[in-house]
Every structure is written in C-alpha cells, then in structure tokens.
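User: Could you take a close look at one part of this model for me? I'd like to hear about the largest pocket, and then what sits around it in the rest of the fold.

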Amino acid sequence: MSVLKLILENLERLINGVILLMGIIFALIGAAVVDGGKIETILISIGTSMISSSIVSFLTSIYIFKYQRAKDISEIWGISSIEEQRAVMNIQVDKYMQKAKNHIDILAYGLKSLRENRTETIKNALKRNVKIRIITVNPNNDFLALKDRDENKIKDSTAESINELIKWVENLNNDSVNKIFLRFCETLPSELYYRVDNYIYIGPYQFGRESQRTITIEYRYPGNGFSYYEDYFEALWENEKFCSVIKDKDKDKSKKKTKKNKNSNITS
C-alpha cells in the first residue's frame, strides 16, 4: 500500500510538471508571435492558465499527501487521542470503565485517583466478571525515594500511597467473589499503562511534574500501538523476575517502615 501511494505521489508530481512545462511553452510561443492578434492572446492565456493550475494543483497535493500520511500513521498505530494532561484522560477512562466487559489492566504507582473516585465503578466491574490486573512497585523498594524527589512529594508518600492501594485491593477482594490480581515490581515504571478493553492509555512520569499533569496518548484496537503495549504488559505480568506477589511478612515490613518514617518526620 505504501509503495502504491509513493507511485501515486510521484505520478501526481510528474503530471503537474508536464502541465507546467506545456504552459511555459504555450506562453513563450504566444509571446514570440509578432502581430499574432487573437492567436497571441489565446496562446498566452492558455499558457498562463496551465502554469497557474499546475502550481495550485502542486501546492494542494502537498497538503493532501501530508494530511494523508498523518492520517495513515494515526490509523496504523491506532492513535485516537492525545491529551496534554492525564486528568483530562480520566474523564474518558471513567466512561469506558463503567461499560468495561473483559479487561482492566494497570501499571502505575499508588493509583490515588482510582481509589478515591472509582471504587464503585471497580466493584461493579468485578460483578460483571471483568478481569482486573494491577502492577505497582514494591512499597519496600528504596528507589521510591527518587519518585518522591522527582515529583516534589513528601518523603515516603509514594510508598504510603502504594500501601493504601494494597489495603484498598484487599478490602475489595474480601467483599467480592471475583478478585483483583495485584503484583509488584522491583523497578520504577517510566510510564503509566492503563487498559480498559479496546483502549490503552500511555503517559510518562516526568521529573518535577505531578503525574496528573503529564501528556497521555490513547491507543485503540486494532492498531500497532495497542498491540505493542498489550504485548508489553503481558510480558511483564508473566515475567517473575520483573514482578511477583508480595508475601505477608513483606507487607508488614513495608507498613512498619512507613510508620517509622512518619514518626521520624513528626519528631524532626
């Protein structure tokens, strides 16, 4: 398909070039005619008309082909939306979550917005047998201090948020027949991954900027972008070296660590 489009582009330029050349020839012949009267006028008129039409056609074709390329990229990769702030994306995610039928997959940190604003939505999704999987960071990971620093947060606030996420998941699982699957990684994700059925949202975590204020891209199915990130999440989920389930003793260790740091912050 791309080869055919390239041929059409070159053919379009060739035709415009021929028309332009013919227009120049007619105009020159008309100008060369001495005392040609109407013939001189006709030849010059034909020549200038052909020149102007070829120029307009050439400029128009440049715009059309550029637009078509952008459209092709959007369709091939399935990019349906780009939002300057993740908070705007949340509005669309809410709509999709309320109608989710099969999958909700997330790779993120403490998911404060999800816990505070979508608890009932998640409960209803579990009742509809929607498979929900979450990958977050092990709250015992010392590198979370870097996350707090990068986003200008209070020390250990990210670990505390993840512990709140753990409790939130446990409470939902205790009240539901269907369960949320939660796993923990030992590295810091550089991007948010958020999937609701046929839509995937990707957005970076940036230095000095809260995650809700970063750009987010929406990929739809079918599309290369959707398939790329879907395969990536599945590979992470199945990779035991990357993510695993935290044992109860590790949870206790994390809670004690967070509590200790809180007390130290108060006394200081």
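Analyst: Here's a walk through the pocket, followed by the core and some strand pairing. Keep in mind that this is a predicted model.

Let's start with the space itself: the largest pocket holds about 560 Å³. Its lining is made up of 25 residues, and nearest the centre you'll find Leu111, Lys112, Lys153, Ser161 and Ser211. As for where the lining comes from, the elements giving two or more residues are α3 (86-98), α4 (112-117), α7 (157-174) and β5 (191-196). Of these, α4 puts in the largest share, with 4 residues. Chemically it's a mixed bag: 8 lining residues are nonpolar, 9 are polar and 8 are charged.

Now for the core. The largest nonpolar core counts 47 residues, and Ile104, Ile122, Ile132, Ile135, Ile180 and Tyr194 have the most contacts inside it. Helix α7 turns up again here, giving this core its largest share, 7 residues. Zoom in on Ile104 and, leaving aside residues up to four places away in sequence, you'll see it touching Met97, Ile122, Ala125, Val130, Lys131, Ile132, Arg133 and Arg195.

On to the strands. β3 (residues 131-137) runs parallel to β4 (residues 180-185), paired over 6 bridges, with Ile134 standing opposite Leu182 in β4. β4 also pairs with β8 (residues 243-244), this time in the antiparallel sense and over 2 bridges. In that pairing, Phe184 stands opposite Ser244 of β8.

How values were computed. Residues are numbered from 1 along each chain as its sequence is written. This is a predicted model: local features need pLDDT of at least 70, side-chain atom pairs count only at pLDDT 80 or more; totals for chains, interfaces and linings use all residues. Side-chain values use heavy atoms; hydrogens and water are left out. Two strands pair if DSSP finds at least two bridges between them. On a 1 Å grid over the protein atoms alone, a cavity is a set of points where a 1.4 Å probe fits but cannot get out, and a pocket is an open set with protein on both sides within 12 Å along at least five of seven lines; lining residues have an atom within 4 Å of a point. Grid points are joined across faces, edges and corners, and a volume is the space filled by probe spheres set on the points. Ala, Val, Leu, Ile, Met, Phe, Trp, Tyr, Cys and Pro count as nonpolar, Asp, Glu, Lys and Arg as charged, and the others, Gly among them, as polar. A nonpolar core is a set of buried Ala, Val, Leu, Ile, Met, Phe, Trp, Tyr and Cys residues joined through side-chain atoms within 4.5 Å. Buried means under 20% relative accessible area, exposed over 50%, partly exposed in between (1.4 Å probe, protein chains only). Contact means heavy atoms within 4.5 Å.
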